[in-house]
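The following exercises are to be worked through with the sequence and the three-dimensional structure at hand. Each task is followed by a solution in steps.

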Amino acid sequence: MYSILRDQMESVKKDVVDFTRELVRTPSESLEEGDAAALVEKRMLELGYHKVLRDDFGNVIGVLYGREAEPTLLLASHLDTVTAGDTGRWEHGPFSGELHDGRIYGLGAADCKGGLAAQVYAGALLERSLLPLKGNLVVAATVAEENGVSVGLQVLLERTLPELGLKPGMAVLGEPTGLGLYYGHDGWLELEIRVEGANPFHVDDAVRAIYNDLTVNLASRNAVSDAPEEMNVAFPRFDSPADYRGVRRGSIQLQRRVTPVENAQVVIGQIKHQVSVLTQPVREVAVEVAVRQEVQRLYNGKNALVQRSQHAWSTDPFHPLVERSRQALAAAGCKSEPGKWKMQRLGMGTAGGTLVTRYGIPTVGYGPGLEEAAHSSDEYVEVNAVMEAVMGTATLAHGLIGIPVYGWTSDEI
């Protein structure tokens, strides 16, 4: 089987590189992914996916149907990138797609257009190899992921795939793992602490007390310079004089890391208690702590109300999905080192938080990019890593839903 896949790889190498570069050259900052979506849709049609569509929220879906209705494996990567201005100065250009010394440079090359290209071509590789599939393979390029809450993926799982009669039982993310097999990461909460009252001096005193306490906490949590970012506190904001109508309002935005062993609701409760104690000496103020919400307008005009939070998640490293994925990669001579994303900066995340904690879908990550290259100037992905990810993803997919399935069945997942 592996020799068949590797033989087919030879015929698509140039196409994979060209497609990755074209993706990088196509700007797709979050909520503006339309051109990249059209590019992926066109390529899936050319590659012979059994069904290709774009759903109401702009996700692009390609399906290869197996011989049976189940199991269904979801390969998911996101179309969107961060804003070019957030990544610093570029030598090669954020949308150059430049190929230099075996690397493709550009915004999203690592996170995760290299992974997206690998997943799209992994499906094509399985189709060309004529290796039969027992279950269905869904390759999804989703929108609005970089906001940290995976809006596009939620619509995909709640509406699009059910309408197609498909229910994924397992998922593989194309996020940057350096070709390791990743199974989780920390989450974060973005909270808004709101204070209001008729007496502006009391409100200001309460906001000052909260902010001073949070900044002391911030200094202690972020004391180790090379450790992952633990907390961020924004400077307080107040209503402008034009908005003042007898009630003074102030607010503080807070980002807080949440580990897999913590409960987000417990963390919120702890912060509420802390704020209540701090403002108790201040008279006649009302204080509220809530997860920040905002309305986001997607590239196709749809509006989505999102909560600014990312679930911490972890798939058991001894889960059959992880074990079988590792075995399939190793048998094909591909890297299979297990690990977790570090998520050094708050606000980063993957769709795994949504897949695992909200929908109960066992999930792993496997992609060609490097996590440390994501969201940085001169972001890049290694060409050889993209090619290996195509082979590895096809091998992994066949090991999970192909015929035969060696030693266990998908019912064990």
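## Exercise 1: Leucine 130

Task: Determine whether Leu 130 is buried or exposed, and describe its place in the chain and its backbone.

Solution. Step 1: In this predicted model, Leu 130 has a relative accessibility of 72%. Step 2: The cut-off for an exposed residue is over 50%, so Leu 130 counts as exposed. Step 3: Leu 130 belongs to the loop between H3 and strand S6, which covers residues 136-142. Step 4: The phi angle of Leu 130 is near 65°, a positive value in a residue other than glycine. For comparison, most residues other than glycine have a negative phi.

## Exercise 2: The helix before the loop

Task: Find how many residues of helix H3 are buried, and state which peptide bond involving Cys 112 is cis.

Solution. Step 1: Helix H3 spans residues 109-129. Step 2: Of its 21 residues, 19 are buried, and the helix is therefore described as mostly covered. Step 3: Cys 112 is located in helix H3. Step 4: The peptide bond that joins Asp 111 and Cys 112 is cis, with omega about -15°. Step 5: The residue that follows H3 is Leu 130, with its positive phi.

## Exercise 3: Two loops

Task: State where Pro 71 lies and where Asp 101 lies, and describe the backbone at each place.

Solution. Step 1: Pro 71 is in the loop between strand S2 (60-64) and strand S3 (72-78). Step 2: A cis peptide bond with omega of about 0° links Glu 70 to Pro 71. Most peptide bonds, by contrast, are trans. Step 3: Asp 101 is in the loop that runs between strand S4 (99-100) and strand S5 (103-105). Step 4: Phi of Asp 101 is positive, near 50°, although the residue is not a glycine. Step 5: The relative accessibility of Asp 101 is 66%, so this residue counts as exposed.

## Exercise 4: Two glutamines in strands

Task: Identify the strand that holds Gln 310 and the strand that holds Gln 253, then describe the surroundings of each residue.

Solution. Step 1: Gln 310 is part of strand S17, residues 309-310. Step 2: Its relative accessible area is 6%, so Gln 310 is buried; the limit for this class is under 20%. Step 3: A polar atom of the Gln 310 side chain lies 3.3 Å from the backbone oxygen of Thr 350. Step 4: Gln 253 is part of strand S13, residues 248-258. Step 5: Leaving aside residues up to four places away in sequence, Gln 253 touches several residues, among them Glu 190, Asn 232, Val 233 and Arg 292. Step 6: Val 233 is 20 residues from Gln 253 along the chain, yet their C-alpha atoms are separated by 6.1 Å.

## Exercise 5: The whole protein

Task: Decide what the radius of gyration indicates when set against that of a compact globule, and describe the protein as a whole.

Solution. Step 1: The protein contains nine helices and 21 strands. Step 2: A compact globule of 413 residues would have a radius of gyration near 22 Å; the protein has 23 Å, so the two agree. Step 3: Along the principal axes, the C-alpha atoms fill a box of roughly 75 × 45 × 40 Å. Step 4: Of the 413 residues, 56% count as buried. Step 5: Among contacts between residues at least 6 apart in sequence, 79% join residues at least 24 apart. Step 6: The accessible surface is about 17,300 Å², and 49% of it belongs to carbon and sulfur atoms. Step 7: The mean positions of the 39 positive and 54 negative charges lie 2 Å apart.

Note on methods:
Residues are numbered from 1 along each chain as its sequence is written. This is a predicted model: local features need pLDDT of at least 70, side-chain atom pairs count only at pLDDT 80 or more; totals for chains, interfaces and linings use all residues. Side-chain values use heavy atoms; hydrogens and water are left out. Helices (H or I, at least four residues) and strands (E, at least two) are DSSP runs, numbered from the N terminus. The radius of gyration is taken over C-alpha atoms; the globule rule is 2.2 Å times the number of residues to the power 0.38. Buried means under 20% relative accessible area, exposed over 50%, partly exposed in between (1.4 Å probe, protein chains only). Contact means heavy atoms within 4.5 Å. Accessible areas come from the Shrake-Rupley method with a 1.4 Å probe; for residues, only the protein chains shown count as cover. Lys and Arg count as positive and Asp and Glu as negative; His and the chain ends are not counted. The place of a charge is taken as NZ of Lys, CZ of Arg, CG of Asp or CD of Glu. A polar contact is a pair of N or O atoms within 3.5 Å; within protein, one must be able to donate a hydrogen and the other to accept it, and residues adjacent in sequence count only if both atoms are side-chain atoms.
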